[in-house]
Amino acid sequence: MYKAVIVDDERWIVEGIKAGVRWENYGFQVAGAAENGQEGLELIEKLRPDFVLTDIKMPLVNGLELIKRGKEISPHTIFAVLSGHAEFAYAQKALNYGTFGYCLKPFEIEEIESMLGKIAQSLKDRAQLEPENDAQELYEILCSGNEQLLAEKLLSAGMPVSAGMPVTPIVVQGYAPAPYRGDMQHIRFRMNSRRVGLLVYSHRVEKFLSPPDLSGNAVDYSVGIGPSSASLADLEAALEAASVAAYGSFSTGKGGIYRPVVPSESTIDDLLAELTGALALKDRMRFVSVMESCRPLFYRYALTIKDAYLIFNTVMYLFTREGVKEHTRFLEGYDQLYYDYGHSDVMIDYLVKHTLNHLSDELSSRLAGVTHNRIKEILTYIHHHFNQEISIQSLSEKFYLSPTYLSQLFKKEVGENFVEYLSHQRIQYACRLLAETDMTVSQIGEKCGFNDYFYFTRIFKRLNGMTPTQYREAQ
């Protein structure tokens, strides 16, 4: 029987799920339940369950933190989220942490049982991915670089490598139904707790791989295919390429089959140069703009986890160089980046949030005078996106407040209405660009969020008593 744990701060929900779901029909038993995230973590450490169903909003430790820390304690455990409609955005974010899926409250027993069926099948298929001991020894030999011993081992395994019979390495990242035909000749070995490597003859790769089953909401799963190798000397590098490609879901947020990307050194070099310049000038909007420009590149798989690793550690290094040491951390490898953030979006959000205080003293002082938490969130959002299309209507939809109530609350907490505040943010940034760059007035207006040149100059003159051109000449 698979062990399950339920974590929710509403006891009646826990009891309802325990009693209403036919756990035994799917091979599960509820081994424990907790009423907050801290107790949940203690249960995970004690029981090492196969499955955890957790609420999002809980005292002491919330659901997202429970998932993140729980995976560190018990890497094999599968997590799913139970949340209300108000926390739907958090439930979606939980998918980036490697959760299997989510059920929205009020839940249906059938919905939970349907997910249990998929999880049970995933656990069953996971067992099939366990490597044989002799293949594990072969993997260790492969990593050692001993070509003679590797040749002997491959020969004894019935898969010698030659120019006429090249081999292709494949890496499976995460737990999912085995995306290959087990009846075809291959060698399988475990690379770590959540990565399995395989060697297959190159001419059989297409038949060997079956379409991945990505039903449900699982995104924490992808397959990397390395280049074909006819030489033992090239096999380790080919396996490394497959290993990096298997992190494809980190870039795109989607499970599937990925091949190595031809690196574009100019793209990543330009991004790093832009980030360096933005941090040196403490230009928050430029920094955020560069980070936002990375998102579509990751989505298209034009940037990989190798690029993400460079971006993350470069930003952290520049912080330490500036003397900012609080909460600064460096990543030791791709695994840490993947398990800590799960998706490029989460990493970008972290870096933007992490740099906020360093790049915006004004925001910190502004937030200090605000008592309403939702308005604090809105101000932070505006400071990140004021050069984009923002309206009271769009903010009310994003933060679940009526437009009228939001307008009144904003004026009460901030001391000026939304339009005035947004205009001040845009014009303040325009002043900086006029003083520090050679961009035209029209370009600056567009960069600050003004689509109409004449409207930009009119607002600028109203707030500064002079036109943008006069302001530049006065500097």
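The following exchange examines a predicted model of a protein through its helices, cores and selected residues.

Visitor: How many helices and strands are there in the protein?
Guide: The protein has 475 residues, and 51% of them count as buried. Among contacts between residues at least 6 apart in sequence, 68% join residues at least 24 apart. Its secondary structure comprises 23 helices and ten strands.

Visitor: Which helix gives the most residues to the largest nonpolar core?
Guide: The largest nonpolar core has 34 residues, and those with the most contacts inside it are Phe250, Met291, Ile311, Leu337, Met347 and Leu351. Two or more residues come from each of helix H11 (265–280), helix H12 (284–299), helix H13 (305–321), helix H14 (334–341) and helix H15 (344–359). With eight residues, the element that gives the most to this core is H13.

Visitor: Which residues does Met291 touch, not counting residues up to four places away in sequence?
Guide: Met291 belongs to the group with the most contacts inside the largest nonpolar core. Once residues up to four places away in sequence are set aside, Met291 touches Leu275, Ile311, Ile348, Leu351 and Val352.

Visitor: How many residues has the other core that lies apart from it?
Guide: Among the residues of this other core are Ile375, Val441, Phe456 and Ile459. One of them, Ile375, is a buried residue of helix H17. The core that lies apart has 33 residues.

Visitor: What span does H17 reach from its first C-alpha to its last?
Guide: Helix H17 covers residues 373–385, which amounts to 13 residues. Its buried residues are Ile375, Ile378, Leu379, Thr380, Ile382, His383, His384 and His385. At 1.5 Å a residue a span of 18 Å is expected, and close to this, H17 reaches 19 Å.

Visitor: At what angle do the axes of H17 and helix H19 cross?
Guide: Two packed helices are described by the angle between their axes and the distance between the axes. The axes of H17 and H19 (residues 403–414) come within 11 Å. H17 counts as roughly perpendicular to H19 because angles of 65 to 115 degrees fall in that class. The crossing angle is roughly 85°.

Visitor: How many nonpolar, polar and charged residues has the contact of H17 with H19?
Guide: From H17, the contact involves Ile375, Ile378, Leu379 and Ile382, which meet Leu406, Leu409, Phe410, Glu413 and Val414 in H19. By class, the contact has eight nonpolar, no polar and one charged residues.

Visitor: Which residue with a positive phi follows H11?
Guide: H11 has 16 residues and reaches 22 Å from its first C-alpha to its last, close to the 22 Å expected at 1.5 Å a residue. The buried residues of H11 are Ile268, Leu271, Leu272, Leu275, Gly277, Ala278 and Leu279. After the helix, at a phi near 55°, comes Lys282.

Visitor: Is Leu138 buried or exposed?
Guide: Leu138 is found in helix H6 (residues 133–144). Not counting residues up to four places away in sequence, Leu138 touches Leu150, Lys153, Leu154, Ile187 and Leu199. Leu138 and Leu150 are twelve residues apart in sequence, with their C-alpha atoms 6.9 Å apart in space. Leu138 has 1% relative accessibility and therefore counts as buried.

Visitor: What distance separates the C-alpha atoms of Leu82 and Val7?
Guide: Leu82 lies in strand E4 (residues 78–83). Because its relative accessibility is 2%, Leu82 counts as buried. Leu82 and Val7 are 75 residues apart along the chain, and their C-alpha atoms are separated by 9.2 Å.

Visitor: What is the phi of Arg48?
Guide: Most residues other than glycine have a negative phi. Arg48 is found in the loop between helix H2 (37–47) and strand E3 (51–55). At 39% relative accessibility, Arg48 counts as partly exposed. Its phi is positive, near 50°.

Visitor: Is Tyr400 buried or exposed?
Guide: Tyr400 is found in the loop between helix H18 (392–398) and H19. Although Tyr400 is not a glycine, its phi is positive, about 55°. The relative accessible area is 53%, and the cut-off for this class is over 50%, so Tyr400 is exposed.

Visitor: Which residues does Ser228 touch, not counting residues up to four places away in sequence?
Guide: Ser228 is placed in the loop between strand E9 (222–225) and helix H9 (232–245). At 45% relative accessibility, Ser228 counts as partly exposed. Leaving out residues up to four places away in sequence, Ser228 touches Pro166, Val167, Thr168 and Ser202.

Terms used:
Residues numbered from 1 in each chain as written. Predicted model: local features only at pLDDT ≥ 70, side-chain atom pairs only at ≥ 80, totals over all residues. Heavy atoms only, no water. Helix = DSSP H or I, 4+ residues; strand = E, 2+ residues; numbered from the N terminus. Expected span 1.5 Å × (residues − 1). Buried < 20%, exposed > 50% of the residue type's maximum accessible area, 1.4 Å probe, protein only. Core = buried A, V, L, I, M, F, W, Y, C linked by side-chain atoms within 4.5 Å. Contact = heavy atoms within 4.5 Å. Axes fitted to C-alpha atoms, helices over the stretch in contact; angles between N-to-C directions. Parallel < 35°, antiparallel > 145°, perpendicular 65-115°, else oblique. Nonpolar A, V, L, I, M, F, W, Y, C, P; charged D, E, K, R; others polar.
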